[in-house]
Amino acid sequence: QVQLVESGGGSVHPGGSLTLSCVVSGRTFSIYHVGWFRQAPGKERKFVGHINWSTSNTDYSDSVKGRFTISRDNAKNTVYLQMNSLKPEDTAVYYCVSWVSLGDPRYWGQGIQVTVSS
């Protein structure tokens with residue numbers, strides 16, 4: 001099992017920034033990627049991005065590329081989602097997720113709300 005605990009959500013004005021954190025624990029040796037999905041009200045969950053647990057290579061959805069950055073602190077087993085130039089359409093519940101192989105994520109955090117509004 002892998003446990004994922006998010007923090008850092010909240011409300012921000014359009015154009016602002018916010019950083020989410022995800023503390024990873026448990027069977028971390030089994031992890032392939034750690035990343036983020038989000039779910040806006042009334043919509044399905046969508047991929048935001050991920051970081052490879054071994055190489056730290058990153059990948060992002062087109063909707064956030066250039067605005068969001070995923071990074072990792074190895075000593076703290078923490079993954080960060082730095083979100084800049086936030087837009088109202090970024091409003092969603094953000095989930096930290098982990099993969100143990102290619103395909104769908106195996107483990108999910110509880111989710112954290114991010115609201116972008118003037």
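Student: What sits over the ring of Tyr 95?

Tutor: In this predicted model, that's the charged end of Arg 45, 4.1 Å from the ring's centre. The charged end of Arg 45 also sits over the ring of Trp 108, 4.6 Å from its centre.

Student: Why is Tyr 95 called buried?

Tutor: Buried means under 20% relative accessible area. Tyr 95 has 11%, so it counts as buried.

Student: And what makes Trp 108 partly exposed?

Tutor: Its relative accessible area is 33%. That falls between the 20% and 50% cut-offs, so Trp 108 is partly exposed.

Student: Why is the pair of Phe 47 and Trp 99 called edge-to-face?

Tutor: Let's start with the bigger picture: the structure holds five aromatic pairs. In this one, the centres are 6.4 Å apart, and rings pair if their centres lie within 6.5 Å. The planes are 75° apart, and over 60 counts as edge-to-face, so the name fits.

Student: What does that pair tie together?

Tutor: Phe 47 lies in strand E5 and Trp 99 in strand E9, so the pair ties together parts that are 52 residues apart in sequence.

Student: How do you know that strands E4 and E5 pair?

Tutor: Pairing takes at least two bridges. E4 and E5 have six, in the antiparallel sense, so they pair. One of the bridge partners is Phe 47 in E5, matched with Phe 37.

Student: Which residues do ring pairs link into a cluster?

Tutor: Phe 37, Phe 47, Tyr 95, Trp 99 and Trp 108.

Methods. Residues are numbered from 1 along each chain as its sequence is written. This is a predicted model: local features need pLDDT of at least 70, side-chain atom pairs count only at pLDDT 80 or more; totals for chains, interfaces and linings use all residues. Side-chain values use heavy atoms; hydrogens and water are left out. Helices (H or I, at least four residues) and strands (E, at least two) are DSSP runs, numbered from the N terminus. Rings of Phe, Tyr and Trp (its six-membered ring) pair if their centres lie within 6.5 Å; planes under 30 degrees apart count as stacked, over 60 as edge-to-face and the rest as tilted. Buried means under 20% relative accessible area, exposed over 50%, partly exposed in between (1.4 Å probe, protein chains only). A charge sits over a ring if NZ of Lys or CZ of Arg is within 6 Å of the ring centre and within 35 degrees of the ring normal.
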